[in-house]
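Subject: Structure for you, with notes on two hairpins

Hello,

Here is the structure I promised to pass on. Please open it alongside this message.

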Amino acid sequence: MPTKIDAFEFTRAGRSAEGCEPLASLVRLASLLAEPAGELVWRLDGWRQRDASNNEQMVARLLASATVGMRCGRCLGVVAIPIAIDRAFLLVRDEAEAAALDESEDDVDVLVASRQFSVDDLLEDESILALPPAVAHAQCQRPVGAGAAAASETEAEEERPSPFAALASLKRKSTP
Ligand SMILES: [Zn+2]
């Protein structure tokens, strides 16, 4: 479901767009997840404003949120991670303008606008940036590491009645 907007018209008219994107359709993002289940809910607002020198600026603000399933670094199970995006971008007409602006203003995020601006690419880029570099459960359900796994197996065996004992009791019951 490719979502393209005319970024010039979008900001000139002060438009908004919103949607709900299945994570599975954001292929680059989905490839980083343990399971691509769920949706990214998003809203994009565009407007124009004047900077201190009275130059017109095009601005786009992206709000998005999702809960993604990432792989736990300890037990390899799935951890549900909520991600929330709230970023504003200055839109520029070309790469040269972007380079000039990047140099003059460090803390401004710059995007090159186009008449076929891909909202999907923006959603994908920003949600990938919003992923934590590594995740782990606060408390893993599964045993951690080989040593712990062996220990918990021993415990489980001690709690469980021996299959031979169970068989023996069955035999006793069936004996007349
Ligand atoms: Zn875990």
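Below is what I found in two of its hairpins.

Please keep in mind that this is a predicted model.

**Hairpin of S3 and S4**

Strand S3 covers 39–50 and strand S4 covers 56–71. The two pair in the antiparallel sense, over 10 bridges. One facing pair is glutamine 49 and glutamine 57, the latter in S4. Between the strands sit 5 residues. Asparagine 54 is in that loop. Its phi is positive, near 65°, and the residue is not a glycine. Most residues other than glycine have a negative phi. Is asparagine 54 buried or exposed? Asparagine 54 is exposed, because only 12 or fewer other C-beta atoms within 10 Å are allowed for that label and asparagine 54 has 6.

**Hairpin of S4 and S5**

S4 also pairs with strand S5, again in the antiparallel sense, here over 14 bridges. S5 runs over 78–92. Alanine 64 stands across from isoleucine 85, which belongs to S5. This hairpin has 6 residues between its strands. Which residue there takes a positive phi? That is leucine 76, with phi near 65°. Leucine 76 is not a glycine either. Its place is the loop between S4 and S5. Leucine 76 has 10 other C-beta atoms within 10 Å, so it too counts as exposed.

**To look at on screen**

Start with asparagine 54 in the loop between S3 and S4. Then go to leucine 76 in the loop between S4 and S5.

Best wishes

Terms used: Residues are numbered from 1 along each chain as its sequence is written. This is a predicted model: local features need pLDDT of at least 70, side-chain atom pairs count only at pLDDT 80 or more; totals for chains, interfaces and linings use all residues. Helices (H or I, at least four residues) and strands (E, at least two) are DSSP runs, numbered from the N terminus. A residue is buried if 20 or more other C-beta atoms lie within 10 Å of its own, exposed if 12 or fewer, and partly exposed in between; C-beta atoms are placed from the backbone. Two strands pair if DSSP finds at least two bridges between them.
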